[in-house]
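The following exercises are to be worked with the sequence and the coordinates at hand. Each task is followed by a solution in steps.

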Amino acid sequence: MCSSDLHVRLVDVDDAFAMRPDALDAAIRADLAAGLRPFFVGATVGTTSSLAVDPVAALARVCRAYQTWLHVDGAMAGVAALCPEHRGLLDGVALADSFCTNPHKWLLTNFDCDLMWVADRAPLVQALSILPEYLRNAASESGAVIDYRDWGVPLGRRFRSLKLWFVLRHYGLEGLRAHLRAHIALGAWVAEQARSDDRFEVVAPPRLGLVCVALRAGDDATRRLVEAANATGRVYFTQTVLAGRVALRFSVGTAATQREHVEAAWSLLGDLATQVA
Ligand SMILES: *Cc1c(COP(=O)(O)O)cnc(C)c1O
């Protein structure tokens with residue numbers, strides 16, 4: 001799919017909704033042949049819709065061949081790499097130019113707090129730094145400090161690292177892992193329920209705390225299920241469209257969510273599924 005007016009290309013995905021490196025390569029070659037110069041590729045580890053994971057190492061090889069910046073967006077899923085058993089999510093990220101993940105999503109930190117890494121900060125700083133006389137100072141000029149004002153568009157910035165520091169201190173690494181693992185186990189439980197109920201179909205590989213389910217009765221029934229469940233005021237689901245099919249996103253990820261809430265939510269869906277079909 002192309003949106004040539006915007007000079008943004010949406011690259012084809014595979015059956016698991018992950019970006020296809022061959023399709024990326026072809027899109028870059030087509031642009032080069034048209035006299036354009038692709039300079040940035042945005043890959044995702046854990047897409048918003050289905051938590052699909054792009055094959056970052058293979059995409060990095062394509063980007064390297066064409067000297068294109070590769071950014072990896074791990075906004076939601078990236079924090080799961082705190083658990084050794086989920087570190088594979090970050091395979092290939094060391095080959096990327098930049099990576100981000102959001103503690104404000106799934107790591108118990110209040111909005112907003114995003115973490116960004118760059119392999120080489122020089123191009124970022126060269127692109128964004130401004131240095132009027134009144135910002136000059138000895139500490140910056142000697143390289144004694146890093147001026148994060150040169151890493152983004154605004155000059156002023158809030159002290160976000162302080163609240164993250166408190167979260168890290170309060171929960172500790174094991175506490176944060178336990179929080180993530182509890183949600184991941186609940187996600188696996190939901191996937192199991194969905195697979196053993198004939199009325200439902202799991203329409204994307206379940207990952208971490210997210211399971212995308214559709215009713216076999218069809219898209220209209222799935223949409224009615226989302227609406228009916230939300231109308232109870234006891235749960236809130238969003239829907240997505242995957243390979244042309246409407247799916248309900250069962251996402252476990254908020255701080256207060258416990259097993260009992262997830263079980264009650266699944267049982268509610270089970271009751272409503274027959275009514276809406
Ligand atoms: C939530 C999400 C975003 C948006 O992140 P913000 O930093 O809150 O704007 C981007 N990418 C993915 C994959 C997300 O899940």
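Of the 277 residues in the protein chain, 42% are buried, where buried means under 20% relative accessible area, exposed means over 50%, and partly exposed lies in between (1.4 Å probe, protein chains only). The model is predicted, so local features need pLDDT of at least 70 and side-chain atom pairs count only at pLDDT 80 or more, while totals for chains, interfaces and linings use all residues. Residues are numbered from 1 along each chain as its sequence is written, and side-chain values use heavy atoms, with hydrogens and water left out.

**Exercise 1. Describe the protein chain as a whole: its secondary structure, extent, surface and contacts.**

Step 1. The secondary structure comes to 8 helices and 10 strands; helices (H or I, at least four residues) and strands (E, at least two) are DSSP runs, numbered from the N terminus.

Step 2. The C-alpha trace spans about 70 × 50 × 30 Å along its principal axes.

Step 3. About 15,300 Å² of the protein chain is exposed, and carbon and sulfur atoms supply 56% of this area. Accessible areas come from the Shrake-Rupley method with a 1.4 Å probe; for residues, only the protein chains shown count as cover.

Step 4. Contact means heavy atoms within 4.5 Å. Of the contacts between residues at least 6 apart in sequence, 62% join residues at least 24 apart.

**Exercise 2. Determine which residues of helix α2 are buried and which elements they pack against, then examine the residue Q67.**

Step 1. Helix α2 covers residues 56-65, and its buried residues are V56, A58, L59, A60, V62 and C63.

Step 2. These buried residues pack against α1 (21-33), β3 (40-44) and β4 (69-73).

Step 3. Q67 lies in the loop between α2 and β4. Just after α2, Q67 adopts a positive phi of about 50°.

Step 4. Q67 counts as exposed because its relative accessibility is 65%. From Q67 to D31 the separation is 36 residues in sequence and 14 Å in space, C-alpha to C-alpha.

**Exercise 3. Classify H86 as buried or exposed, and list the residues that H86 touches.**

Step 1. H86 is located in the loop between β4 and β5 (98-101).

Step 2. Its relative accessibility is 18%, and therefore H86 counts as buried.

Step 3. Leaving aside residues up to four places away in sequence, H86 touches A80, A81, I184 and L208.

**Exercise 4. Identify the residues around the ligand and the polar contacts made by D73, N102 and K105.**

Step 1. T44, G46, T48, D73, A75, M76, N102, H104 and K105 are the residues around the ligand; a residue qualifies if one of its heavy atoms lies within 4 Å of the molecule.

Step 2. A polar contact is a pair of N or O atoms within 3.5 Å; within protein, one must be able to donate a hydrogen and the other to accept it, and residues adjacent in sequence count only if both atoms are side-chain atoms. In the side chain of D73, an N or O atom is 2.5 Å from a nitrogen atom of the ligand.

Step 3. An oxygen atom of the ligand is 2.9 Å from an N or O atom in the side chain of N102. For the side chain of K105, the corresponding distance to an oxygen atom of the ligand is 2.8 Å.

Step 4. On its own the ligand has 390 Å² of accessible area, of which the protein covers 62%.

**Exercise 5. Analyse the salt bridges of R158, D150 and E263.**

Step 1. A salt bridge is a side-chain nitrogen of Lys or Arg within 4 Å of a carboxyl oxygen of Asp or Glu. By this rule there are 15 salt bridges.

Step 2. R158 pairs with D112, the closest N and O atoms being 2.9 Å apart. This pair links distant parts of the chain, 46 residues apart: R158 is in the loop between α5 (138-141) and α6, and D112 is in the loop between α3 (103-106) and β6 (115-118).

Step 3. D150 and R149 form a salt bridge at 3.1 Å, N to O. D150 is buried, because its relative accessible area is 10%; R149 is buried as well, at 12%.

Step 4. E263 bridges to R259, with the closest N and O atoms 3.2 Å apart. Both residues lie in helix α8 (residues 259-276), 4 residues apart, about one turn of the helix. An α-helix has 3.6 residues a turn, so residues three or four places apart point the same way.
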